[in-house]
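These are my notebook entries on a protein structure, written as I looked up one item after another. The structure is shown first, and the entries follow.

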Amino acid sequence: MATNTTQEQQSAAGRHQEVGHKSLLQSDALYQYILETSVYPREPEPMKELRELTAKHPWNLMTTSADEGQFLNMLLKLINAKNTMEIGVYTGYSLLATALALPDDGKILAMDINRENYELGLPVIQKAGVAHKIEFKEGPAMPVLDKLVEDEKNHGSYDFIFVDADKDNYLNYHKRLIELVKVGGLIGYDNTLWNGSVVAPPDAPLRKYVRYYRDFVLELNKALAVDPRIEICMLPVGDGITLCRRVK
């Protein structure tokens, strides 16, 4: 009996660990309540289709959570975003959330090192009628950003920029993106609470990739907190998202 109880506890812990990567709530039941009450009933059909498609992919842990997708979609509408950028696309769930929120003539410059993952979700994006808003570039984002920064006409031209890519480059991205986002515009950095590891003790048992990127996330968070060019708001949505509003 004790063995069965232990197995049940381990199983429950495992379920929480998987859900917990995309929700920092201490209760799975509470997170499920949010999804079933607020998110899933209002989730656009194309986003539901892409979410379910992505769930079958072996790297599905990389996807944006449904509640964060809903949050991004509403945020973009609130700020009347038109010209946006996304670094890190995967199968395109957050990209689709953005595209659905933009006006018909809105634009998204989307960058990812893996076109294959993007093309997995592309048929859903095309069926949703928003593919014309997206300019996808395959490869590292840094050379593209450097080229954009070189041309002053791009300075302050973006309303919203979402970053969900290589955490070890977040600070490098920020140095460039702050030039490209307009005053009053937003940059959103995803995973800034990094599976809760930002407050974990040094000897805490962490997955290898979580431990590796934790220091980069901590470094970013410290830098954003003292950057006088922005106002910030760190939210425990998904795996943590920090919104940076450029003020000067």
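**Entry 1: a salt bridge between two helices.** I began with the salt bridge between Lys127 and Glu49, whose closest N and O atoms are 3.0 Å apart. Lys127 belongs to helix 6 and Glu49 to helix 3, so the pair ties together parts that are 78 residues apart in sequence. I note that the model is a predicted one. I then looked up how open each partner is. Lys127 has a relative accessible area of 60% and is therefore exposed. Glu49, at 30% relative accessibility, counts as partly exposed.

**Entry 2: the packing of those helices.** I next asked at what angle helix 3 and helix 6 pack. Helix 3 covers residues 45-54, helix 6 covers residues 115-127, and the angle between them is about 170 degrees, with the axes 9 Å apart. Angles over 145 degrees count as roughly antiparallel, so helix 3 is roughly antiparallel to helix 6. On the helix 3 side, I found the contact to be made by Pro46, Glu49, Leu50 and Leu53. Helix 6 contributes Leu120, Gly121, Val124 and Lys127. Both partners of the salt bridge in Entry 1, Glu49 and Lys127, are thus listed in this contact.

**Entry 3: other salt bridges.** I recorded a total of eleven salt bridges in the structure. One of them joins the side chains of Lys167 and Asp164, at 3.2 Å from N to O. I checked whether Lys167 and Asp164 are buried or exposed. Both Lys167 and Asp164 turned out to be buried.

Glu231 forms a salt bridge with Arg245, and their closest N and O atoms are 3.1 Å apart. This pair links distant parts of the chain, 14 residues apart: Glu231 is in strand 6 (residues 230-235) and Arg245 in strand 7 (residues 241-246). I list Glu231 as partly exposed, because its relative accessibility is 43%. Arg245 is partly exposed as well, at 37% relative accessibility. I also noted one network, in which salt bridges that share partners join Arg115, Glu119 and Glu138.

**Entry 4: helix 5 and Ala99.** I turned to helix 5, residues 93-101, which is mostly covered, with eight of its nine residues buried. Among the buried residues are Tyr93, Leu95, Leu96 and Ala99. I followed Ala99, a residue of helix 5. Ala99 counts as buried because its relative accessibility is 0%. Leaving aside residues up to four places away in sequence, Ala99 touches Ile108, Val130 and Lys133. Ala99 and Ile134 are 35 residues apart in sequence, and their C-alpha atoms are 7.6 Å apart in space.

**Entry 5: a nonpolar patch.** I found a nonpolar surface patch formed by Leu30, Tyr33 and Ile34, with about 280 Å² of accessible area together. Tyr33 lies in helix 2, residues 28-39. I count Tyr33 as exposed because its relative accessibility is 51%.

**Entry 6: positive phi values.** Most residues other than glycine have a negative phi. I therefore noted two asparagines with a positive phi: Asn80, near 55 degrees, and Asn191, at about 65 degrees. Asn80 sits in the loop between helix 4 (66-78) and strand 1 (83-87), whereas Asn191 is in the loop between strand 5 (181-190) and helix 9 (208-225). Which of the words buried or exposed applies to each of them? Asn80 is exposed at 63% relative accessibility, while Asn191 is buried at 3%.

Key:
Residues numbered from 1 in each chain as written. Predicted model: local features only at pLDDT ≥ 70, side-chain atom pairs only at ≥ 80, totals over all residues. Heavy atoms only, no water. Buried < 20%, exposed > 50% of the residue type's maximum accessible area, 1.4 Å probe, protein only. Helix = DSSP H or I, 4+ residues; strand = E, 2+ residues; numbered from the N terminus. Contact = heavy atoms within 4.5 Å. Patch = residues over 30% accessible without salt bridge, like charges linked within 9 Å, V, L, I, M, F, W, Y side chains within 5 Å. Areas by Shrake-Rupley, 256 points an atom, 1.4 Å probe, with all protein chains shown as cover. Salt bridge = Lys/Arg side-chain N within 4 Å of Asp/Glu carboxyl O. Axes fitted to C-alpha atoms, helices over the stretch in contact; angles between N-to-C directions. Parallel < 35°, antiparallel > 145°, perpendicular 65-115°, else oblique.
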